[in-house]
Amino acid sequence: MLGISVPRPLLAAVLLTATTAIAACGSAATSSTSAGDQATVAPAAIAPQTTATATATLSTSSTTSTTEVAPAPTAAPTSAPHPSMVATARPTAAPTPRPAPPPTARPTMAPTPAPAPASVVMTGLAGGQTVLVASSNHLTLYTYNADVAGSGTSNCNSGCISEWPPLKVPAGTMPTAGPGVTGHLGTIHRSDGSTQVTYNGKPLYFFGGDSAPGQTNGHYTGWSVATP
């Protein structure tokens with residue numbers, strides 16, 4: 001016998017149909033006997049159907065039902081979009097930087113040059129000779145014989161300075177010499193706190209009796225006209 005592959009749903013339908021037919025035949029035979037129908041159902045009429053049914057059942061049972069599972073359809077690859085449909089990114093133009101305004105140059109103020117210190121002592125003519133005079137008023141300068149050069153002190157104080165005023169400069173000022181002055185200028189601190197100019201270590205004084213340049217009225221005993 002050839003093996004026939006019958007789908008299971010169809011096989012179930014065939015079996016159900018055959019069973020229904022057999023049941024109908026049995027019911028008909030029973031009905032016919034109970035009604036007094038004397039006709040005898042020939043066994044041969046039922047036998048072929050029963051045999052065919054059994055044969056179909058055996059054939060179906062012996063036949064291996066093969067169910068072929070169709071492979072799942074493979075998803076078609078997604079087609080790439082057409083180049084015309086792809087939006088092309090346009091490069092964003094970078095903003096043009098604005099040049100920073102140049103800084104306004106501030107005028108540089110030139111430092112004011114310090115004025116050259118004016119000379120404190122210079123030379124002049126008085127009584128036919130070259131003497132030291134004050135640069136401020138050109139009056140003749142004197143030295144006191146009682147003062148000791150380099151001692152740093154003055155021996156003309158109290159009533160003496162009313163006739164012989166000292167040549168002074170502001171504190172911390174170093175006196176400068178004008179042309180022709182060859183000796184050394186310096187200062188000392190007086191007892192009253194003022195600063196007096198010295199020449200070669202001896203303090204310098206004016207004479208109260210001189211009122212104009214060139215006068216030497218202070219040439220007394222114990223006092224000398226200061227010379228270069």
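**Notebook: strand pairing, cores and the disulfide**

I began with Leu-125 and found that its bridge partner in strand 2 is Thr-130. I note at the outset that the model is a predicted one.

**Entry 1. The hairpin**

I then looked up the pairing as a whole. Strand 1 (residues 121–126) and strand 2 (residues 129–134) run antiparallel and are joined by six bridges. Within this pair, Ala-126 is placed opposite Gln-129 of strand 2. Two residues separate the strands of the hairpin, and Gly-127 has a positive phi near 65° there.

I stayed with Gly-127, which belongs to the loop between strand 1 and strand 2. Is Gly-127 buried or exposed? I recorded a relative accessibility of 69%, so Gly-127 counts as exposed. I also checked its distance to a residue remote in sequence: the C-alpha atom of Gly-127 lies 9.8 Å from that of Asn-217, with the two residues 90 apart along the chain.

**Entry 2. The overall layout**

I listed the secondary structure next. The protein has three helices and eight strands. Read from the N terminus, the order of elements is α-α-β-β-β-α-β-β-β-β-β.

I then took the totals. Of the 228 residues in the protein, 21% are buried. The accessible surface is about 16,200 Å², and carbon and sulfur atoms account for 63% of that surface. Taking contacts between residues at least 6 apart in sequence, I found that 65% join residues at least 24 apart.

**Entry 3. The nonpolar cores**

Which residues have the most contacts inside the largest nonpolar core? That core has 15 residues, and I noted Val-121, Leu-132, Leu-141, Leu-167, Val-197 and Leu-204 as those with the most contacts inside it. Strand 2 and strand 6 are the elements that give two or more residues to this core. As background, nonpolar side chains tend to be buried together in soluble globular proteins.

I followed Leu-141 outward, leaving aside its neighbours within four places in sequence. Its contacts include Val-121, Leu-132 and Leu-167. Leu-141 also touches Leu-204, Tyr-205 and Phe-206, as well as Ser-224, Val-225 and Ala-226. Val-133 and Ala-134 are further contacts of Leu-141.

A second core, separate from the largest, has ten residues, among them Ala-126, Val-131, Val-133 and Cys-156. Val-133 therefore appears twice in my notes, as a contact of Leu-141 and as a member of this second core under the side-chain criterion.

**Entry 4. The disulfide**

I searched the whole structure for disulfides and found one. It links Cys-156 and Cys-160, whose sulfur atoms are 1.8 Å apart. The angle about the S-S bond is -105°, and the link of Cys-156 and Cys-160 is left-handed.

How do its two ends compare in exposure? Cys-156 has a relative accessible area of 0% and is therefore buried. Cys-160, at a relative accessible area of 22%, is partly exposed. The cut-off for burial is under 20%, so the value for Cys-160 falls outside it.

**Entry 5. Thr-195**

My last query concerned Thr-195, which is placed in strand 6 (residues 195–199). Its relative accessible area is 4%, so I entered Thr-195 as buried. With neighbours within four places in sequence left aside, Thr-195 is in contact with Leu-167, Lys-168, Val-169, Pro-170 and Ala-171. Its other contacts in that list are Thr-187, Ile-188 and His-189. Leu-167 is thus a contact of Thr-195 and also a contact of Leu-141.

Key. Residues are numbered from 1 along each chain as its sequence is written. This is a predicted model: local features need pLDDT of at least 70, side-chain atom pairs count only at pLDDT 80 or more; totals for chains, interfaces and linings use all residues. Side-chain values use heavy atoms; hydrogens and water are left out. Helices (H or I, at least four residues) and strands (E, at least two) are DSSP runs, numbered from the N terminus. Buried means under 20% relative accessible area, exposed over 50%, partly exposed in between (1.4 Å probe, protein chains only). Contact means heavy atoms within 4.5 Å. Accessible areas come from the Shrake-Rupley method with a 1.4 Å probe; for residues, only the protein chains shown count as cover. Two strands pair if DSSP finds at least two bridges between them. A nonpolar core is a set of buried Ala, Val, Leu, Ile, Met, Phe, Trp, Tyr and Cys residues joined through side-chain atoms within 4.5 Å. A disulfide is a pair of cysteine sulfur atoms within 2.5 Å.
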